[in-house]
Amino acid sequence: MVEIIADLQIHSKYARATSKNISLENLEKYARIKGLNLLGVGDFQHPLRRKEIDEKLTEDEHGVLRTASGFPFLWQTEISLMYSQDGKRRAIHHLIFAPNKEVADQITGFLGSKGRLDYDGRPIFGMSSPEIVEALKKISDDIEIIPAHCMTPWFGLFGSKSGFNSLKECFQDQARKIYAIESGMSADPSMLWRFKEVSEGVNVVSFSDAHSFWPWRLGREATILEIPNLTYGNIIKAIRTGNGLKATIETPPEYGKYHWDGHRNCNFSCSPEETKKLKGICPVCKKPLTIGVDNRVEEIAAFPLGNKGKNARPFYKLLPLHEVIALSENSRLESNKTWQVYNDLIKEFGNELDILLKIPKEKLLKFDAKLVELILRNRESKIKVAPGYDGEYGKALLGEKQSALF
C-alpha cells in the first residue's frame with residue numbers, strides 16, 4: 001500500500017481571482033515543499049490551460065498525468081452552476097474528475113456545447129445539478145462529481161444563500177451517483193457527520209480550493225489516501241467506497257471565510273446564538289446578516305454534535321505552518337521574516353506536513369521554543385482562532401493563556 005496526500009481542488013491562472021503565476025512548475029515545486037504527492041491539474045476544459053497540460057504533462061496507462069520529473073496530477077476541474085429550482089436561485093460549485101484524456105476531451109466538448117469555456121477557468125452554466133450528473137455519467141461512469149466546499153453560503157451544496165437541505169433535494173434521482181462531498185475550510189467532518197446522508201455513508205473529502213501555489217494556500221486542506229498503487233481507478237474507488245480513505249487534513253473551521261455570521265463591510269460578526277438574539281439583522285446596516293456555516297449546520301443537522309457516520313475517518317485540524325510562524329514571530333504571513341524561518345524548517349525537516357504532523361518534539365527543539373510550542377499546540381488544535389465571516393478569513397490568536405506558556 002502507498003500513502004498519497006492529495007489536493008484535488010486546484011485552479012489555474014485562467015480562473016478569476018487567482019494568481020497569474022500558477023504554472024504547473026510552481027504547483028509541483030510547492031506541492032513537494034508542502035508534502036503533497038498528488039494534485040489536480042485544475043481547469044482542464046479551459047483552452048489555454050489545456051494547451052499547457054498537453055505541452056508539459058504526459059498521461060500514463062492509469063490515467064495519471066506526470067511532469068518530466070514524475071510528479072503526478074489528475075484530470076480535474078471545477079464548474080459553477082446557476083439555475084432556479086423550487087422557486088429559489090441556486091448557485092452550486094462542483095468538482096469534476098476524468099479518468100483519462102479521451103474522457104476529458106468528451107467532457108470539454110459537452111461543456112463547450114453549453115457555453116463559453118475561454119472566459120474563466122471556473123465556467124458558469126445554467127444546467128441544474130441533476131442535469132450535469134446525468135449528462136456526464138452518460139459519457140463515462142468513471143467520471144466523478146463531488147460538490148465543492150459544500151457548506152459555504154453562496155456556492156455550496158448546503159449553503160445558506162443558494163443551497164439545499166439535502167443531497168436528495170439537490171440531485172433528485174441522480175443523488176445515488178454522488179459518493180462524496182468536499183468539506184471546505186469553514187466546516188470539518190464532525191459537523192457534516194450530523195447530516196443524515198453523510199451519516200449513512202456519503203464520504204467526506206477535503207481539498208484546498210487553492211487560488212495560488214503558496215504553501216499557506218496549497219494543501220491547507222487535503223485528503224490522505226492509502227491505496228495499492230497510484231491509479232485513477234484506485235483513487236476513485238477509495239472516494240466512492242471509503243476503503244482507502246485514511247484521513248483528511250482540515251483547517252480549523254473558524255479559520256475559513258464563512259464560519260460565523262456577519263457583514264464584512266460593517267466589520268461585524270457574531271455567533272449563531274447572537275444572530276438569534278438579533279433576529280438575523282445586522283446592528284450596523286440593519287440588513288439581513290450573511291449566515292455562516294456554524295449556524296447553517298444547526299439548521300439542517302439531523303443528529304447532535306458527536307454523531308459519527310458509518311464511513312467516518314480521522315481528521316487533523318491544522319493551521320498552515322506560515323500562520324504558526326507569523327503568530328510566533330508577530331510577523332506578516334508573507335513577510336521575509338516568516339519566510340526565513342519557514343525555509344530553515346523545510347531545509348531541516350524536508351516538508352511542511354511532516355513538520356506539522358510527524359517530526360518529534362525533541363528534533364524540533366533546535367528551533368525557537370515559542371515556535372516549537374505553537375507547532376505542538378497546532379497538532380492538538382489548541383491555537384485559538386477568531387472565526388472568519390462573510391468572506392473574511394479567521395485570525396489565529398495568542399490568547400492570555402497561550403501567551404502565558406512562553
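In this predicted model, the second largest cavity is lined by Lys34, Gly219, Arg220, Ile249, Leu318, Leu319, Pro320, Glu352, Leu353 and Leu356, where a cavity is a set of points, on a 1 Å grid over the protein atoms alone, at which a 1.4 Å probe fits but cannot get out, and lining residues have an atom within 4 Å of a point. Local features need pLDDT of at least 70 and side-chain atom pairs count only at pLDDT 80 or more, whereas totals for chains, interfaces and linings use all residues. Residues are numbered from 1 along each chain as its sequence is written, and side-chain values use heavy atoms, with hydrogens and water left out.

The space in this second largest cavity amounts to about 50 Å³, a volume being the space filled by probe spheres set on the points, with grid points joined across faces, edges and corners. Helix H13 (residues 352-357) provides the largest share of its lining, three residues; helices (H or I, at least four residues) and strands (E, at least two) are DSSP runs, numbered from the N terminus. The lining of the second largest cavity divides into six nonpolar, one polar and three charged residues, with Ala, Val, Leu, Ile, Met, Phe, Trp, Tyr, Cys and Pro counted as nonpolar, Asp, Glu, Lys and Arg as charged, and the others, Gly among them, as polar.

Two cavities of 30 Å³ or more were counted, and the largest of them holds about 90 Å³ of space. Its lining comprises 13 residues, with Trp193, Val204, Asn311, Ala312 and Arg313 lying nearest the centre, and at least two residues of this lining come from each of strand S10 (203-205) and strand S12 (245-250). Eight nonpolar, four polar and one charged residues make up the lining of the largest cavity.

Turning to the pockets, each defined as an open set of points with protein on both sides within 12 Å along at least five of seven lines, the largest has a volume of about 840 Å³. Its lining contains 34 residues, of which Arg122, Asp209, His211, Lys257 and Tyr258 are the closest to its centre. Strand S5 (residues 72-85) gives the largest share of this lining, three residues, and by class the lining has nine nonpolar, 13 polar and 12 charged residues.

The second largest pocket encloses about 300 Å³ and is lined by 16 residues, among which Glu323, Leu333, Gly394, Lys395 and Ala396 lie nearest its centre. Helix H11 (321-329) and strand S17 (395-396) are the elements that give two or more residues to this lining, with H11 contributing the most, three residues.
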